[in-house]
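Q: I would like to learn how to read this model feature by feature. Could you walk me through it?

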Amino acid sequence: MDREFPFPLPFSWYQVAYSDEIGVGELRPIHYFGRELVLFRDMAGTARVFDAFCPHLGAHIGYGGEVTEQGLRCPFHHWSFSPEDGRCVDIPYCKRIPPKAAVEPLPVCEKNGIIMAWYHPLGEPPEWEIPDLPEYGDPAWTEWTRRDWMVKSRNQELAENTVDAAHFFYVHGTKNIATTDIVESDGYFLNVLCQSRVDTSKGEADGKIDIHAYGLGFGCTRFKGVVETLVMTSGTPVDDEYVHMHLSCALRKLEDESTTSGVGKAFVGEIERQFSQDIPIWENKVHLEKPILCDGDGPIGDLRRWASKFYVD
Ligand code: FES
Ligand SMILES: [Fe+2]
């Protein structure tokens, strides 16, 4: 059996950068969804993602291109493309702009400090919106600590992990076998509640993890208890093989700064530890279309039915 996955890349919103990674007028090449793309912020401050190749003679606009008042300018012969719809708006040496001259834009949204692009294999428009998370920008919460990994796997495989009850004990060392329940599955959104006994600084306690997924590319995981924490999880397909995983973690501030920073560091360390424990499993496993499940496994079949919505036949 080889490691080929039986599904294509799912349509979803996917992180392509953090907001503060690209300033007004900046441009950079990016490679996601098996495509060459450019990410830029136009002069009005709006983040944009375009196909990378100029329709004139195929230059990669991400290498030497510029963002100007007119839009995105190709480095090769200075054709300029409107930031709004990608249509060519200027060719400095011609009188009549060819009507078909345009670069393909991808839909973009910028929320929670993250720039996201909408990927759909057939170029269909977005089918849902990413919500604004109440914790983002709330002064009662800390700054966000970021980590990222390249994982040789697929989004659905990573998503299955959230309902895989037994692995929390065997891979992550929870105190007992967890329970994982799909609380709600509303179209493209999913809410999973995961409960297990965990070790805390104040002894063993019931840990509750509330996971919301907004498509297969973005979600947030909230740990409730003495300390309230949130992890934004973004997985962006690089191509058929790799997913670029980003985690950004924050917590509700505690009584003083040093407690907050100590607890915050321990929390991020724990997230890193658990994520790193999953990676060798993900990177070497196969996807079984007909796994043999048992009654303690958690709703893996339901998760798969939900995930199947994101594929185009
Ligand atoms: S290839 Fe882009 S302007 Fe000619
Ligand atoms: Fe895990």
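**The metal site**

A: The iron ion (ligand 2) is coordinated by Asn161 (ND2), His167 (NE2), His172 (NE2), Asp278 (OD) and Asp278 (OD), at 2.1 to 2.5 Å. Donors here are N, O and S atoms within 2.8 Å of the metal (3.2 Å for Na, K and Ca); water is not among the atoms, so sites may look incomplete. Along the chain, the donors of the iron ion (ligand 2) follow the spacing N-x5-H-x4-H-x105-D. His172 and Asp278 link distant parts of the chain, 106 residues apart: His172 is in the loop between helix 2 (167–170) and strand 13 (179–186), and Asp278 is in helix 3 (residues 257–284). Helices (H or I, at least four residues) and strands (E, at least two) are DSSP runs, numbered from the N terminus.

Q: What should I know about the model and its numbering before going on?

A: This is a predicted model, in which local features need pLDDT of at least 70 and side-chain atom pairs count only at pLDDT 80 or more, while totals for chains, interfaces and linings use all residues. Residues are numbered from 1 along each chain as its sequence is written, chains are lettered from A and ligands numbered from 1 in the order in which they are written, and side-chain values use heavy atoms, leaving out hydrogens and water.

Q: Are His172 and Asp278 buried or exposed?

A: Buried means under 20% relative accessible area, exposed over 50%, partly exposed in between (1.4 Å probe, protein chains only). Both His172 and Asp278 are buried. By contrast, Phe169, found in helix 2, counts as partly exposed because its relative accessibility is 31%.

Q: How do I read the sheets, and what is the order of the strands in the one that holds strand 5?

A: Strands of a sheet pair through backbone hydrogen bonds, either parallel or antiparallel. Two strands count as paired if DSSP finds at least two bridges between them. Here, 4 strands form an open sheet in the order 5-6-7-8, with antiparallel pairing. Strand 5 (66–67) and strand 8 (88–90) stand at the edges, each with a single partner strand, so one side of each has no neighbour in the sheet. Strand 6 (residues 72–73) and strand 7 (residues 80–81) pair over 2 bridges in the antiparallel sense, with Leu72 opposite Phe81 in strand 7.

Q: Which strands are at the edges of the open sheet with the order 2-3-4-9?

A: That sheet of 4 strands is antiparallel in its pairing. Its edge strands are strand 2 (27–32) and strand 9 (105–106), each pairing on one side only. Strand 3 (residues 35–41) and strand 4 (residues 47–51) pair over 5 bridges in the antiparallel sense, and Phe40 stands opposite Arg48 in strand 4.

Q: How many aromatic pairs does a search of the whole structure find?

A: Rings of Phe, Tyr and Trp (its six-membered ring) pair if their centres lie within 6.5 Å; planes under 30 degrees apart count as stacked, over 60 as edge-to-face and the rest as tilted. The search finds 23 aromatic pairs. Phe5 and Phe7 are stacked, because their ring centres are 5.8 Å apart and their planes are at 15 degrees. Phe5 is buried, with a relative accessible area of 13%, and Phe7 is buried at 9% relative accessibility. Trp118 and Trp128 form an edge-to-face pair, 5.0 Å centre to centre with 80 degrees between the planes.
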